[in-house]
Amino acid sequence: MEITVNPNRPRAGARRGLLRVLGVVLAPVAAIVLIGQPAHAAQACTGQSSSNVCLTIDDAGGGLFRVTIGIDWRIGQVPAQQIIDAPGDPFTAAVFADDSSGYLFSVPITNVGASADAGLSGEGSVLMPRIWLDEDFNDVDEVLARIKVNDSRFGVIRSFSSPQIQQSF
Ligand SMILES: [Ca+2]
Ligand SMILES: [Ca+2]
């Protein structure tokens with residue numbers, strides 16, 4: 001396949017990354033952004049130029065939280081598609097606490113794509129009872145996302161982390 005890059009191509013016509021398609025707003029580095037809708041939602045994104053990794057936690061009501069992990073790894077469309085097409089799942093993701101080993105639960109990355117702007121994109125979410133995020137009892141909790149990209153072309157695994165979300169769950 002031949003790829004033609006036109007630097008004058010209007011941005012509005014460019015293919016957009018999954019994170020942006022899904023309405024996830026790029027945040028400043030290491031910032032914790034409280035967004036208005038839905039209530040009690042928190043998001044932390046790395047916001048780097050080479051990659052953007054976001055953890056989003058929405059209060060779904062009834063003691064449940066929707067926990068979403070997303071990544072845009074801007075490596076270009078062709079390498080991204082090669083990683084997707086290679087054997088095995090390209091992503092594994094989980095939520096960790098800041099303390100000691102820290103593993104809390106895994107998050108399946110179900111929405112995977114390759115595009116010129118966003119490179120390799122992945123996103124997925126789970127609905128979790130509050131208690132799974134309450135990693136410090138009687139105290140504020142510090143949770144973050146870790147997402148691994150398995151590049152089975154070369155047997156290389158790259159690991160990315162989001163900033164922490166600090167909230168009392
Ligand atoms: Ca707590
Ligand atoms: Ca902690």
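Strands here are DSSP runs of at least two residues, numbered from the N terminus. With that in hand, select Gly62: this residue sits in the loop between E3 and E4. The model is predicted.

**Stop 1: Gly62.** Colour Gly62 by burial. Gly62 counts as exposed because it has 8 C-beta neighbours inside 10 Å, and the cut-off for exposed is 12 or fewer. Now add Pro129 to the selection. Gly62 and Pro129 are 67 residues apart along the chain. Their C-alpha atoms are separated by 8.7 Å.

**Stop 2: the whole chain.** Zoom out and show the cartoon. The protein chain has two helices and eleven strands. Trace the order from the N terminus: α-β-β-β-β-α-β-β-β-β-β-β-β. The chain holds 169 residues, and buried residues make up 30% of them. Next, turn to the contacts with a separation of 6 or more. Residues 24 or more positions apart account for 59% of these contacts.

**Stop 3: the E2–E3 hairpin.** Select 41–45 for strand E2 and 51–61 for strand E3. The two strands run antiparallel, and four bridges join them. Pick Ala44. Which residue in E3 does Ala44 stand opposite? The partner is Leu55. Move on to the turn of this hairpin, where five residues lie between the strands. Gly47 takes a positive phi there, near 60 degrees.

**Stop 4: the largest nonpolar core.** Keep Leu55 selected and add Ala93, Ala145 and Ile147. Of the 29 residues in the largest nonpolar core, these four touch the most other members. Several elements each supply at least two residues of this core, among them E2, E3, strand E4 (64–73) and helix H2 (77–85). Strands E5 (91–97), E8 (119–129) and E9 (141–151) are also on that list. As background, nonpolar side chains tend to be buried together in soluble globular proteins.

**Stop 5: Ile147.** Centre on Ile147 and leave aside its neighbours within four places in sequence. What is Ile147 in contact with? Show Val53, Ile69 and Ile71, then Phe91, Ala93 and Phe160.

**Stop 6: Asn138.** Finish in the loop between E8 and E9, where Asn138 has its place. Most residues other than glycine have a negative phi. Asn138 is not a glycine, yet its phi is positive, at about 60 degrees. Is Asn138 buried or exposed? Asn138 counts as exposed because it has 6 C-beta neighbours inside 10 Å.

Technical notes: Residues are numbered from 1 along each chain as its sequence is written. Chains are lettered from A and ligands numbered from 1 in the order in which they are written. This is a predicted model: local features need pLDDT of at least 70, side-chain atom pairs count only at pLDDT 80 or more; totals for chains, interfaces and linings use all residues. A nonpolar core is a set of buried Ala, Val, Leu, Ile, Met, Phe, Trp, Tyr and Cys residues joined through C-beta atoms within 7 Å. A residue is buried if 20 or more other C-beta atoms lie within 10 Å of its own, exposed if 12 or fewer, and partly exposed in between; C-beta atoms are placed from the backbone. Two residues are in contact if their C-beta atoms, placed from the backbone, lie within 7 Å. Two strands pair if DSSP finds at least two bridges between them.
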